[in-house]
Amino acid sequence: MLPERISAIIIENKKLLLVTGYEEKFYWTPGGKIEGKESHEKCLKRELLDELGIKLIKMKHYATLNLINEIKKENQINHYYIVEYTGKIKPKNEITKFIWYSKTNFLDKKPRVSKGIETDLIPRLLGDNFL
């Protein structure tokens, strides 16, 4: 199994922030794997600053899901946190683009998102009326 992944759920105007990079053909939630013995909060602070240039203000656990990592094709535990941040989102390092993903995007299945997000996370967010 892959190292656990800590992910940010950033929602504005009922749209979810998703990112892409590595020349992949799908989007995913911002975040990354824990390095060493860092806490979930420290990991998410580091990843959001490194990848999007934003500072984490507040985080609240939303869900923990065991999903297939589409790039590595292996199981991975994903911890999702609803996040408040400060700063202007600017993709950097391995992140090349971002989108605000809506319920309409989900229903149209465009653009493509990682399978676990499509089948597990987004339906949960829709059910909880976040999107």
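What span should the 13 residues of α1 have, and how far apart are its end C-alpha atoms? At 1.5 Å a residue, the helix should span 18 Å. The end C-alpha atoms of α1 are 17 Å apart, which agrees. Before I go on, please keep in mind that this is a predicted model.

I will stay with α1 for a moment. The helix covers residues 40-52. Which residues of α1 are buried? They are C43, L44, E47, L48, E51 and L52. If you look down the axis of α1, these buried residues fall within an arc of 120 degrees, so they line one face of the helix. Note that E47 and E51 are on that buried list along with C43 and the leucines.

Now the salt bridges. How many does the structure hold? It holds seven. I will go through three of them.

The first one I picked joins R46 and E35, with the closest N and O atoms 3.4 Å apart. R46 lies in α1, while E35 sits in the loop between β4, residues 31-33, and α1. The pair therefore ties together parts of the chain that are eleven residues apart in sequence. E35 is partly exposed, at a relative accessible area of 46%. This pair also belongs to something wider: E35, E38, R46 and E47 are linked in a network of salt bridges. You will remember E47 from the buried residues of α1.

The next one is K45 with E41, and here the closest N and O atoms are 3.5 Å apart. Where do these two residues sit relative to each other? Both are in α1, four residues apart, which puts about one helical turn between them. K45 is partly exposed, with 40% relative accessibility. E41 is partly exposed as well, at 41%.

The last of my three is E70 with R112, at 2.5 Å from N to O. E70 is in the loop between β5, residues 55-69, and β6, residues 74-86. R112 is in the loop between α2, residues 103-108, and α3, residues 115-127. This salt bridge therefore ties together parts that are 42 residues apart in sequence. Is E70 buried or exposed? E70 counts as buried, because its relative accessibility is 16% and the cut-off for buried is under 20%. Its partner R112 is partly exposed, with a relative accessible area of 41%.

Next, the largest pocket. It holds about 660 Å³ of space. Its lining is made of 30 residues, and R5, G32, N69, I71 and Q76 lie nearest the centre. Which elements supply at least two residues each to that lining? They are β4, α1, β5, β6 and α3. Of these, α1 gives the most, with four residues. What kinds of residue make up the lining? Eleven are nonpolar, eight are polar and eleven are charged.

Now a contact between distant parts of the sequence. K88 is in the loop between β6 and β7, the latter being residues 95-101. K88 counts as exposed, at 72% relative accessibility. The C-alpha atoms of K88 and G53 are separated by 7.1 Å, although the two residues are 35 residues apart along the chain.

I will finish with the backbone. Most residues other than glycine have a negative phi, and most peptide bonds are trans. With that in mind, here are three places to look at.

Which residues does the cis peptide bond join? It joins K110 and P111, with omega at about -10 degrees. P111 lies in the loop between α2 and α3. That loop also holds R112, the partner of E70.

K73 is not a glycine, yet its phi is positive, at about 60 degrees. You will find K73 in the loop between β5 and β6, and E70 is in that loop too. Unlike E70, which counts as buried, K73 is exposed, with a relative accessible area of 61%.

N129 is not a glycine either, and its phi is positive at about 65 degrees. N129 lies in the segment after α3. Is N129 buried or exposed? N129 is exposed, with a relative accessible area of 54%.

Technical notes. Residues numbered from 1 in each chain as written. Predicted model: local features only at pLDDT ≥ 70, side-chain atom pairs only at ≥ 80, totals over all residues. Heavy atoms only, no water. Salt bridge = Lys/Arg side-chain N within 4 Å of Asp/Glu carboxyl O. Buried < 20%, exposed > 50% of the residue type's maximum accessible area, 1.4 Å probe, protein only. 1 Å grid on protein atoms, 1.4 Å probe; cavity = no way out; pocket = protein on both sides within 12 Å on 5 of 7 lines; lining within 4 Å. Points joined across faces, edges and corners; volume = space filled by probe spheres on them. Nonpolar A, V, L, I, M, F, W, Y, C, P; charged D, E, K, R; others polar. Expected span 1.5 Å × (residues − 1). Arc of directions from axis to C-beta.
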